[in-house]
Amino acid sequence: MTSTSYGKSFSLWRAGCPEAWHDYTHHSFVAGLRDGTLPRAAFVHYLIQDYVFLVHFARAWSLGVVKAETLDEMKVCARTVDALVNHEMALHVKTCAAEGIDEATLFNATEEVENLAYTRYVIYAGLHGDFLDLMAVLAPCCFGYGEIGQRLTRDAADTTPYHDWIETYADDGYQSVMADVGQMIDSAVLRRLGDTPEASPRWAHLQNRFTTATELEIGFWTMGLRGA
């Protein structure tokens, strides 16, 4: 599945920050997942922080139900919350349990500064902006992980110990949810900004939201490496 499978709006946002997007999706942390050279301690440190991140991310998607204008928007947001809470976070719980870390410890972990910055930016954008503001800051994580998963499932070394992580984001279930999210965002953008959203006075603001969230993703990977 290519990036265009996630819709027109994502493709425009992605094209609007090519350097940041490349640095995010090809970060040295991601390269370590691909070839298996990522230290296990760094991976576990990242998983603990990502579990806490996903708690806030699920809350932000729940806010999408409040900000939605249509039933379809509400349904997609609700399904995404379910995918995060009942599926994606299960990988973190399973992997960390093997390291002697239970779910209560994960939930109560102290957040790193990069985690605080990213999650609070997302919540702030959702609380103070409208539905499109929220979608623009949620999109980099959702679609970026889908894109990374698809690439790594093709390119990862057979010996990498991170196949479970890769398959979580490459599998049909995750990709199907992301395709639905992309279609929903396109419909939301069309509803609010028309056929040529990039010509709207709001587009530069939404692009800035997306770019900032992408840059915060880069910082999150770098934070993960500190756990080595």
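Helix axes are here lines fitted to C-alpha atoms over the stretch in contact, and the angle between two helices is taken between their N-to-C directions. The model to which this is applied is a predicted one.

With that definition, helices α8 and α11 have axes 8 Å apart and pack at an angle of about 45°. Angles under 35 degrees count as roughly parallel, and 65 to 115 as roughly perpendicular; α8 and α11 are therefore oblique to each other. The crossing in which α8 passes α11 is right-handed. On the α8 side, the contact is made by Leu132, Asp133, Ala136, Val137, Ala139, Pro140, Cys141, Tyr145 and Ile148. Facing them from α11 are His205, Leu206, Arg209, Phe210, Ala213, Thr214, Glu217 and Trp221. Sorted by class, the contact of α8 with α11 has 12 nonpolar, 2 polar and 3 charged residues.

Two residues of α8 show this contact in detail. One is aspartate 133, which lies in helix α8. Its relative accessibility is 4%, so aspartate 133 counts as buried. When its neighbours within four places in sequence are left aside, aspartate 133 is in contact with Ala125, Arg202, His205, Leu206 and Arg209. Of the residues just named, His205, Leu206 and Arg209 also belong to the α11 side of the helix contact.

The other is alanine 136, again in helix α8. Alanine 136 has 0% relative accessibility and therefore counts as buried. Not counting residues up to four places away in sequence, alanine 136 touches Trp13, Leu206, Arg209 and Phe210. For one of these partners there is a backbone distance as well: the C-alpha atoms of alanine 136 and arginine 209 are separated by 5.8 Å, although the two residues are 73 residues apart along the chain.

Trp13 leads on to helix α1, which spans residues 8-15 and packs with α11 at an angle of about 75°, the axes being 9 Å apart. α1 and α11 are therefore roughly perpendicular to each other. In this contact Ser9, Phe10, Leu12, Trp13 and Arg14 of α1 meet Trp203, Leu206, Gln207 and Phe210 of α11. By class, the contact of α1 with α11 has 6 nonpolar, 2 polar and 1 charged residues. Leu206 and Phe210 take part here, and both are also on the α11 side of the contact with α8.

A third helix, α2 (residues 18-25), also meets α11 (residues 203-225): their axes come within 9 Å and cross at roughly 30°. α2 and α11 are therefore roughly parallel to each other. Their crossing is left-handed, whereas that of α8 with α11 is right-handed. From α2 the contact involves Ala20, Trp21, Asp23 and Tyr24, and from α11 it involves Phe210, Thr214, Glu215, Glu217, Ile218 and Trp221. The contact of α2 with α11 has, by class, 6 nonpolar, 1 polar and 3 charged residues. Phe210 appears among the α11 residues that meet α2, among those that meet α1 and among those that meet α8.

Not every residue of α11 is buried. Asparagine 208 has its place in this helix, and with 44% relative accessibility it counts as partly exposed. The C-alpha atoms of asparagine 208 and glycine 16 are separated by 9.0 Å, while the two residues lie 192 residues apart along the chain.

The remaining part of the description concerns aromatic rings. A search of the whole structure finds 24 aromatic pairs. One of them joins phenylalanine 43 and tyrosine 46, whose ring centres are 6.2 Å apart and whose planes stand at 35°, so the pair is tilted. Phenylalanine 43 and tyrosine 46 are 3 residues apart in helix α4 (residues 40-67), and so they are separated by about one helical turn. Both phenylalanine 43 and tyrosine 46 are buried.

Phenylalanine 43 also pairs with tyrosine 162: the ring centres are 4.5 Å apart and the planes stand at 50°, so the pair is tilted. Here phenylalanine 43 lies in helix α4 and tyrosine 162 in the loop between α8 (131-155) and α9 (163-170), so the pair ties together parts that are 119 residues apart in sequence. At 3% relative accessibility phenylalanine 43 counts as buried, and tyrosine 162, at 2%, counts as buried too.

Conventions:
Residues are numbered from 1 along each chain as its sequence is written. This is a predicted model: local features need pLDDT of at least 70, side-chain atom pairs count only at pLDDT 80 or more; totals for chains, interfaces and linings use all residues. Side-chain values use heavy atoms; hydrogens and water are left out. Rings of Phe, Tyr and Trp (its six-membered ring) pair if their centres lie within 6.5 Å; planes under 30 degrees apart count as stacked, over 60 as edge-to-face and the rest as tilted. Helices (H or I, at least four residues) and strands (E, at least two) are DSSP runs, numbered from the N terminus. Buried means under 20% relative accessible area, exposed over 50%, partly exposed in between (1.4 Å probe, protein chains only). Axes are lines fitted to C-alpha atoms, for helices over the stretch in contact, and angles run from 0 to 180 degrees between N-to-C directions. Angles under 35 degrees count as roughly parallel, over 145 as roughly antiparallel, 65 to 115 as roughly perpendicular and the rest as oblique. A crossing is left-handed if the near helix is turned anticlockwise from the far one by less than a right angle, and right-handed if clockwise. Contact means heavy atoms within 4.5 Å. Ala, Val, Leu, Ile, Met, Phe, Trp, Tyr, Cys and Pro count as nonpolar, Asp, Glu, Lys and Arg as charged, and the others, Gly among them, as polar.
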